[in-house]
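Please look over the assembly below with two topics in mind: how the chains meet in pairs, and how one helix sits within its own chain.

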Protein chains: 4
Amino acid sequence: MHIRVPSFREIAKQFKVIFLDSYGVLKNHKGLIDGVSDTIQFLREEGIELRVLTNDASRSQQQQSEVFDRLGLKNLKVDEIITSGMLAKQFLSHKIKSGKIAYLGTENSAEYILQSGLEHIAVRDIDLENLDEISAFVFLDDEGFDWNTDIDTTVNFLRRKTVPVIVANSDKYYPVNKNDVSVATGGIAKLCESMLNKKFIHFGKPDTQMFNYAFEHINHDAFKYTKDDILMVGDTLSTDILGGNKFGLKTMLVLTGNTRSDNADLWINSSGIIPDYICNSILA
Amino acid sequence: MHIRVPSFREIAKQFKVIFLDSYGVLKNHKGLIDGVSDTIQFLREEGIELRVLTNDASRSQQQQSEVFDRLGLKNLKVDEIITSGMLAKQFLSHKIKSGKIAYLGTENSAEYILQSGLEHIAVRDIDLENLDEISAFVFLDDEGFDWNTDIDTTVNFLRRKTVPVIVANSDKYYPVNKNDVSVATGGIAKLCESMLNKKFIHFGKPDTQMFNYAFEHINHDAFKYTKDDILMVGDTLSTDILGGNKFGLKTMLVLTGNTRSDNADLWINSSGIIPDYICNSILA
Amino acid sequence: MHIRVPSFREIAKQFKVIFLDSYGVLKNHKGLIDGVSDTIQFLREEGIELRVLTNDASRSQQQQSEVFDRLGLKNLKVDEIITSGMLAKQFLSHKIKSGKIAYLGTENSAEYILQSGLEHIAVRDIDLENLDEISAFVFLDDEGFDWNTDIDTTVNFLRRKTVPVIVANSDKYYPVNKNDVSVATGGIAKLCESMLNKKFIHFGKPDTQMFNYAFEHINHDAFKYTKDDILMVGDTLSTDILGGNKFGLKTMLVLTGNTRSDNADLWINSSGIIPDYICNSILA
Amino acid sequence: MHIRVPSFREIAKQFKVIFLDSYGVLKNHKGLIDGVSDTIQFLREEGIELRVLTNDASRSQQQQSEVFDRLGLKNLKVDEIITSGMLAKQFLSHKIKSGKIAYLGTENSAEYILQSGLEHIAVRDIDLENLDEISAFVFLDDEGFDWNTDIDTTVNFLRRKTVPVIVANSDKYYPVNKNDVSVATGGIAKLCESMLNKKFIHFGKPDTQMFNYAFEHINHDAFKYTKDDILMVGDTLSTDILGGNKFGLKTMLVLTGNTRSDNADLWINSSGIIPDYICNSILA
C-alpha cells in the first residue's frame, strides 16, 4: 500500500510545505538527531516552507525555540514552531472572558498559556468551599504539583463545579530514555475523565485542529498553499500519521522514534493507519 | 455559567455569522418547525451570514436543498448547506488516487460522494478472493444493503486487506419519530471497529474539521470573519455544542430537538459540555 | 514465564480434572480435529474428569452433544458439556418470575433457554406501544431475525422500558472458515449497549462465573476437587486463558485454533495474559 | 419493576442469608450508621446468616473487624467479613509459586495479602535493570507510595517484563466525606492499563467471583443454602446490585450511601441496573 522510499529529500522536493513532528524526528532522548540541521538547511535552499508541530505544551514557542538552539539547531525560527499549548491558549482567549483559570502544571506553563488578562490559580491553592470565581480548568503539565494530593483536589473541584475543562496536551505519556516513559498530562486527564465520567476538551495531534492551525499559519498573508502541497512527517502512527491523513495531507512515517523498522508493517496492519511513505529518517 | 435567553434574535444580532444544525433546529420528525422560514428571513434582513452544518451524509448538497424546498423552506441556498459527506468526499479526492472504492450504503450515496473519477463497488459485489483493486472503504449510509450478510463481508474484507477506512457520518443513531431511533452509519462502523480492534477515520460534528470547513467556506473570497463573529446553534450537546466550543465559537443550545427543557441543566452538568446560551428555539 | 511443553498428556496426568474449550481445541471449521477421540479416551483411562466449556449458546446441551456425535466424537457425555446458555438459563429461572421474555435469536434457541415456564416473544413480534407484559430481554443468537429491522426494534424497546438484559454469549464474532468470521451475539449486544449507553449482563468466558459453574458441577455430589486439581485448556488468550487464570486454575494454550505458533509469544506479551503452559495440541 | 419497601426487616425474614456491603450500608464518613447494631442483633435472633462483602483491600479481615469494633459494632465476627483482598491473596497462592511479588501500596497491606511464603518488594525498591526475580505485580492500596515517581516505575516495569498483574480492589475512587472522593487503587490501575494497553486481573464487586467466594463460605461445611436463599444489600448500583443480580441473587438498594432517594429511579433507568427492592436503610 505505502511506499518505502530511500530518500526523504527526493520526496520532499515534490511538496511546497513540510510539517515535522519534533520528538522522534528532529530530536530524541540523547539530544538533536545528527544531521538534522543539514536537512533544515536543504529545505531552506529548496524554498520549501516548514513548520514543527509538537504536542509539548510545557514550554512557550520562545522557550521551545531556545531549547532547539541550545541543542544545536540554530536555523529554526520561533514562529515555525506550533505547539498544542497555542491551541489551548487560543481557546481560552476566545471562550473564557472572566473569572480565574485553575490549572494543574508548573507556574511557568501557566504564565505563558494563561497570559490573557485573566488570573490563574494553582490546584494546590484551590479552596473547595469557595469556588465562585473559578471559570475554567486547564491540564497544562505533568510537573509542578503533588500527585498524591492535587489529583484528588482536581477531581473534587470538578465534581462540585461544572466549568470548561481543557487538556493542553492529550499525549498519555512521553519517552524519558531509550526504554522508559513518564505519565504525561493527557494520562492524568484521562484518569480524571474516567473518575468523573466526563469528556474534556483535548488539544494536540491527532486532532485535526492542530493541522488546521498550521495550515492557516502558512496561508496567513495570502492563500498560497493547498493541502496537496503539504507533507506531514512523523514517527508516531496514532498522532502524526492518523492526524495528517485525516486532515487530507500526504504523510511520511520515519523510523527514528517510536516506530522501529522491524515492527512498522505490523503496526500499520494492526492499526489500519497507513502512511503514504515510509523512510528511515529525514537525514538523507 | 450559561445564560438562559428569551430571544434567539436578540443574541443573533450580536454576531455576523450563524451556524445552524439541521435536525432539531430547522426540522424534526414532523417536518419543518413552524416559523423557521421567518427566522431565516430575519437573518437575511439583518445581513447575517448563515450555514447549515449537518452530519447527514446520505444526500448530496443539491438533494438536501431539494428536501428543504419540499418541506417549505424556500430561502436556503444550496451552498449554504455543509454536510459531513462533503468532508468524506474531500478526503477521498485528496488521498485516494487509484483503485476502486468499496462502500456500504445506497447506490445514490455512492454516486455523489465518490464522483472523483474513481470506480466504486458495493460491499455485496466484493469477491473476498480478489481484493487487489480495492484501495479504500467508505461507510456511507445505513440503507442500501443487507445487514445480515454485508456487515460480515465488510469485516472480513478489512481483516484481509489494510486500506484507509472512512466513516462519512459518525452519528450512532438518528431519530425516526418522537420516541424512536434507528441505528445509523456511525453505529455500524463502531461495531466493525470493535470487531477489528481498529480506529477508522470519522467525519462529522463534534469533530472540528466540519467547523473548519464551514469557517473556510465563509472566508473563501476574503478573510472577513473571525471565530468571535460566529454563533453555533444546535440541539445536541455532544455534537453541536461540544464541537462548536472546541473550535472556539460561542454556542447556543435550543430545546426543539434532542435536549428538552427539563433535562438541559442535568445533561450539561453530567456531561460538562456547556453552551454559552440556552434558548427555547430559533423562532423568537 | 510460561513453559512450552511437548506433550499435553504428560501435563494432563498431573491433574485430576481437565476443562477444555470446544472450538479450536476439539474441533475447527473443517470438523473434528483428528485424534481428539483418542485423547478423550486417554483421559478416561487415566481416570481424569473432563468438562467442555463453550460460549456457544445457540444449541442446548443435548444438541451440542448430538453435533459432537455426528462429527465422530462418540465418547463425550451430555452432562460433560457446559455452555454459556446454561448460565443465562439459570439466571432467568432465579431472577425472572413473571411476564414474557423477549429475545433476539432463533426459535430453537429460545425454546431451550427459556423453558422455565415463562412465555417468550421474538423481537419481530414486539408491539412497541404495548410493552407491559415483557419482563426481561435476552440476546440469544445472531441468527433467526432480520438485522435491518430487529436491531432497531431492540434498541427502541430498551429505550422505552427498563428491564434486565441478558447476553447469553458475549463473543463478538466466531470463525466460519480458515480466514473469515461472522458477527456473533455479543457483537450485536455491544452495538446496542453503545447506542443505549448501558451495560447488559453478559455470560460466558472469560467471566469467572462459567468456570465456577463447571467447578460446582464436578463437586456436586461431594467436595472432591480443589482449584489446584484442574487444568484449563484453550486456544484463545482473551477468553479461555484470561478466565482460567483469574479463577485461579493452571492454564494451557494450544495452537490448533485462534492462536498460531508464530504469534503466540507476541500476543502473550502484548496482552499480558500468560498461560502456564503452551502445547501444540491436545493430541500427543 | 422494583418494589419500594418500608422495612428491611420484613424482607430480610424471607431469606436465610443476607450479604451486606460495608460503606454506605453499615457505616459512612461519620462512622457507624446509628442503629446498625440493632439490625445485626435482629438478624442473629432470627437465625439469619450474614456476610459483609467489601472491596476494601487495604486491611486484613482481622483489621477490618477491629475497625468495626472501635466504631461500636461489637457483634460482627471476623470470619463474617469478606474482602476483595482475600480474593487477591487466594489467586496469588494458587498461581504464583516462586519469585518476588512487586506491589504498590502500604507495607501493611503487603504483609497481609502476600503472606504466602513469597517475598515482596515495594515499587520504590524495584531496580529496572534487574527484574529477573519478580514474578507478579499487585495493586494493593492507593497509599504508601509517592505517586509522582512510583506510577512511572510501575508502568516501566510492566513495559519491560510480562508478569501476571493483580488489582486487589477495582474501585476507581472512595468517599472521604459528604462531598468528596479520593482516587483509589482501581483508578491508578486503570491509568496504567490505559498507558500499557493491557487488561489486568481485577478483583472485587461487581465481579461475581466475590459473590461466589461468599457463597462457598456459607456452604463450607455442608451445602445448606441455594442462591434463592440469599439477599444482597448495597448502596451502589454498579457494584453491589449489578454483581448480585448477575450472580443470580435477589438484591436490595438502600439509600444511606452513594444513591440518594431523589435520584434512585433516574439512575436505575439510565443504567439499566435494577434492584429487586429499594429501602431507605437497613435500620427498620
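The report that follows treats the paired chains first and then a single helix.

The model is a predicted one, and its values are to be read accordingly. A turn of 180° with a shift of 0.0 Å along the axis lays chain B on chain A with an RMSD of 0.0 Å, and the two copies are thus related as by a two-fold rotation axis. As general background, a rotation about an axis and a shift along it relate two copies of a chain.

Where chain B meets chain A, 24 residues of chain B are in contact with 24 residues of chain A. On the side of chain B that touches chain A, at least two residues each are supplied by helix H4 (84-95), helix H8 (208-218), helix H9 (237-247) and helix H10 (264-271) of chain B, and H4(B) provides the largest share, four residues. Because 100% of the interface residues of chain B are also interface residues in chain A, the copies meet through the same surface.

The contact between chain D and chain C takes 24 residues from chain D and 24 residues from chain C. Two or more residues of the side of chain D that touches chain C come from each of helix H4 (84-95), helix H8 (208-218), helix H9 (237-247) and helix H10 (264-271) of chain D, with H4(D) giving the most, four residues. The table sets out the residue classes of the two sides.

| Side | Nonpolar | Polar | Charged |
|---|---|---|---|
| Chain B, touching chain A | eight residues | eleven residues | five residues |
| Chain D, touching chain C | eight residues | eleven residues | five residues |

The second topic is helix H2 of chain D. Which residues of helix H2 (residues 36-46) of chain D are buried? They are D:Val36, D:Thr39, D:Ile40 and D:Leu43, and these cover an arc of only 100° around the axis, which puts them on the same side of H2(D). In general, an α-helix has 3.6 residues a turn, so residues three or four places apart point the same way. The buried residues of H2(D) pack against helix H1 (8-12), strand E2 (17-20), strand E4 (31-32) and strand E5 (49-54) of chain D. On the face of H2(D) turned away from its buried side lie the exposed residues D:Gln41, D:Arg44 and D:Glu45. Just after H2(D) comes D:Gly47, which takes a positive phi of about 75°.

Methods. Residues numbered from 1 in each chain as written. Chains lettered and ligands numbered in written order. Predicted model: local features only at pLDDT ≥ 70, side-chain atom pairs only at ≥ 80, totals over all residues. Least-squares fit on C-alpha atoms with pLDDT ≥ 70 in both. Contact = placed C-beta atoms within 7 Å. Nonpolar A, V, L, I, M, F, W, Y, C, P; charged D, E, K, R; others polar. Buried ≥ 20, exposed ≤ 12 C-beta atoms within 10 Å, placed from the backbone. Arc of directions from axis to C-beta.
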